[in-house]
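Colleague: Could you take me closely through the aromatic residues of this chain, and then place them within the rest of the fold? I would like one connected account rather than a list.

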Amino acid sequence: MSQGPRTGLAAVSAALLAMSRHLEVRDVLKTIVASARELLDAEYAALGVPDDHGGFAQFVVDGVSEEQWKAIGPLPRQHGILAAMLRDAKTERLADVREDPRFEGWPSAHPDMSDFLGLPIKDGEETIGALFLANKNCPKPQGGCGFTQDDEELLGILAQHAAIALTNARLYERSRELTIAEERSRIAHELHDAVSQKLFSLRLTAQAAATLMDRDPERAKGELGHVAELAAEAADELRAAVVELRPAALDEDGLVATLRTQAQVLDRAHSAHVTFTTSGIKALPAAQEEALLRVAQEALHNALRHSGAEKVRVTLDKHGQGAVLRVTDDGAGFDPKAIRSAGRHLGLVSMRDRSGGVGGRLTVDSEPGKGTTIEMEVPGG
C-alpha cells in the first residue's frame with residue numbers, strides 16, 4: 001500500500017480518537033472542527049448547532065483568532081447557505097461561496113472566503129448541526145473548487161462519527177444534569193426538614209418568652225437566649241446548604257467561560273449591548289470564583305433592569321495573585337451617598353457581603369446621569 005492512504009487513514013483515526021476522548025459538548029464541538037480543518041487542510045472550519053429560533057445555540061470556529069471573532073460580532077443567523085444546509089440536509093461544495101445566489105454577505109470583520117464545503121450533521125432524520133470548511137490550502141482549478149469529491153466523502157465519514165460523539169456528549173451532559181437535579185432535590189429536602197424544625201422550635205420558644213415576659217422576666221430572658229441560639233443554628237443550616245449549591249456551570253466550564261456565556265445570552269435577550277473581555281486569568285479558589293460570578297450576575301441585573309443602559313461592559317483581569325471584576329454601564333447612575341436607601345434595592349449589601357466573605361473588596365463608582373461601575377477585587381490563592 002502507498003504511503004498516502006496510510007497517512008490519510010492515520011489522520012482519520014486520530015480525529016475519531018480525539019472526538020471520543022471528550023464528554024462535554026463544547027469540547028466535542030471544538031475537536032470536531034479542529035479535526036475537520038486539519039484533515040482536509042482548510043484555512044477555516046466552523047460548526048453550528050441550531051436553536052429553535054433561527055439562530056445557533058452553539059457556534060465553534062477554527063482558524064479565526066479570538067480578536068477576529070470578537071470583531072465579527074454576534075453569532076450568525078440561519079440564513080443563506082447555512083439555512084439551506086440545515087433545511088435541506090444536503091452537502092454543498094462550491095467553487096466560490098460569494099457567487100452563490102443564496103449568499104447574503106457577512107460582517108466587515110469576517111475573513112474573506114472562496115471555495116466552500118459544507119454538510120449537515122444528522123442523528124437519524126434530525127439535523128443536529130452543520131459543519132463547513134472554507135479556503136482549501138491547494139492550487140485551485142480554473143473556475144473550480146479546491147475541495148474534491150474525496151474531501152466530501154471524507155468529511156461525510158467524519159460527520160457521521162461527529163453525530164455519534166455529539167449525541168453521546170449530550171446524553172452525558174443530560175445525565176449529569178439529572179444527577180445535579182437529584183442532588184439539589186435531596187439538599188432541598190434535607191434543608192426543609194432541618195431548617196423547618198429549627199424555625200418551628202424558634203417560633204415556639206419566642207411565643208413562650210412572650211408569655212413569660214410579664215410574670216417571670218428572668219425565665220423569659222433565658223428563653224430569648226435560646227431563641228438566639230436556634231436562629232444561629234438555622235442560619236448555619238442555610239449557609240451549609242447554599243455552599244453545596246455551587247453553580248454547576250462553574251464546575252463544568254470555569255469562571256471565564258461561564259461569564260462569557262452569560263454575557264452572550266444577555267446580549268441577545270436585551271436591547272443593551274453586553275460584552276465580556278478577559279486577560280491573564282488563572283483558576284481561582286472555588287469560593288472566590290463563585291463570589292465573582294454572583295456579584296457579576298447582580299451587577300448585570302441592575303444594569304439591564306434598572307439603569308436603562310445602552311452598553312454594559314464586563315471585564316475580568318489578572319490583579320497580582322488574584323483578579324479584578326468590573327461591570328460598567330452607561331445608564332442612569334445614582335448617588336452613592338444615598339447608598340443606605342438604594343443599597344438593598346440594588347443588591348449592594350449582598351454584593352459587599354459576598355466580596356467580604358472571600359477576603360475581597362467591592363467599590364461602587366456612580367453618579368446620576370454618568371453610569372455605574374461595580375468593581376470587585378479578590379486576592380487569589
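Modeller: In this predicted model, Phe56 has a relative accessibility of 2% and therefore counts as buried, the limit being 20%. Phe59 is buried as well, with a relative accessible area of 9%. Searching the whole structure gives five aromatic pairs, and in one of them the rings of Phe56 and Phe59 have centres 5.2 Å apart and planes at 70°, so this pair is edge-to-face. The rings of Phe116 and Phe132 are set otherwise: their centres lie 6.2 Å apart and their planes are at 20°, so the pair is stacked. Because Phe116 belongs to strand E4 (residues 116-123) and Phe132 to strand E5 (residues 126-136), this stacked pair ties together parts that are 16 residues apart in sequence. Phe116 and Phe132 are both buried. Ring pairs join Phe56, Phe59, Trp69, Phe116 and Phe132 into a cluster.

Strand E5 also holds Asn135, a residue other than glycine whose phi is nevertheless positive, near 60°. Asn135 has a relative accessible area of 10% and so is buried. Most residues other than glycine have a negative phi, which is the reason for pointing out such cases. Asp41 is a further example, with a positive phi of about 55° although it is not a glycine. Asp41 is found in the loop between helix H2 and strand E1 (42-50), and its relative accessibility of 39% makes it partly exposed. As for H2 itself (residues 25-39), its 15 residues should span 21 Å at 1.5 Å a residue, and the end C-alpha atoms are indeed 21 Å apart, which agrees. The buried residues of H2 include Val25, Val28, Leu29, Ile32, Val33 and Leu39, and among them are also Thr31 and Ser35.

Turning now to the nonpolar cores, the largest one has 33 residues, of which Leu255, Leu292, Val312, Leu316, Leu325, Ile374 and Met376 touch the most other members. Among the elements that give two or more residues to this core are helices H7 (248-269), H8 (286-305) and H10 (348-357), together with strands E7 (311-319), E8 (322-329) and E10 (372-378). H8 supplies the largest share, nine residues. Leu316 shows how such a member is surrounded: leaving out residues up to four places away in sequence, its contacts include Leu255, Val256, Leu259, Phe276, Leu292 and Leu325. Apart from this core lies another, of 30 residues, among them Leu40, Leu47, Leu119 and Ile128.

Strand E8 deserves a word of its own, since a polar residue, Thr328, lies in it. The side chain of Thr328 makes a polar contact of 3.2 Å with the side chain of Thr373. Besides its neighbours within four places in sequence, Thr328 is in contact with Lys311, Val312, Arg313, Thr372 and Thr373, and Val312 is one of the residues that touch the most other members of the largest core.

For the chain as a whole, there are ten helices and ten strands, and 37% of the 381 residues count as buried. Of the contacts with a separation of 6 or more, 61% are between residues 24 or more positions apart. The chain exposes about 21,000 Å², and carbon and sulfur atoms supply 52% of that area.

Definitions and conventions:
Residues are numbered from 1 along each chain as its sequence is written. This is a predicted model: local features need pLDDT of at least 70, side-chain atom pairs count only at pLDDT 80 or more; totals for chains, interfaces and linings use all residues. Side-chain values use heavy atoms; hydrogens and water are left out. A nonpolar core is a set of buried Ala, Val, Leu, Ile, Met, Phe, Trp, Tyr and Cys residues joined through side-chain atoms within 4.5 Å. Buried means under 20% relative accessible area, exposed over 50%, partly exposed in between (1.4 Å probe, protein chains only). Helices (H or I, at least four residues) and strands (E, at least two) are DSSP runs, numbered from the N terminus. Contact means heavy atoms within 4.5 Å. Rings of Phe, Tyr and Trp (its six-membered ring) pair if their centres lie within 6.5 Å; planes under 30 degrees apart count as stacked, over 60 as edge-to-face and the rest as tilted. Accessible areas come from the Shrake-Rupley method with a 1.4 Å probe; for residues, only the protein chains shown count as cover. A polar contact is a pair of N or O atoms within 3.5 Å; within protein, one must be able to donate a hydrogen and the other to accept it, and residues adjacent in sequence count only if both atoms are side-chain atoms. The expected span of a helix is 1.5 Å times one less than its number of residues.
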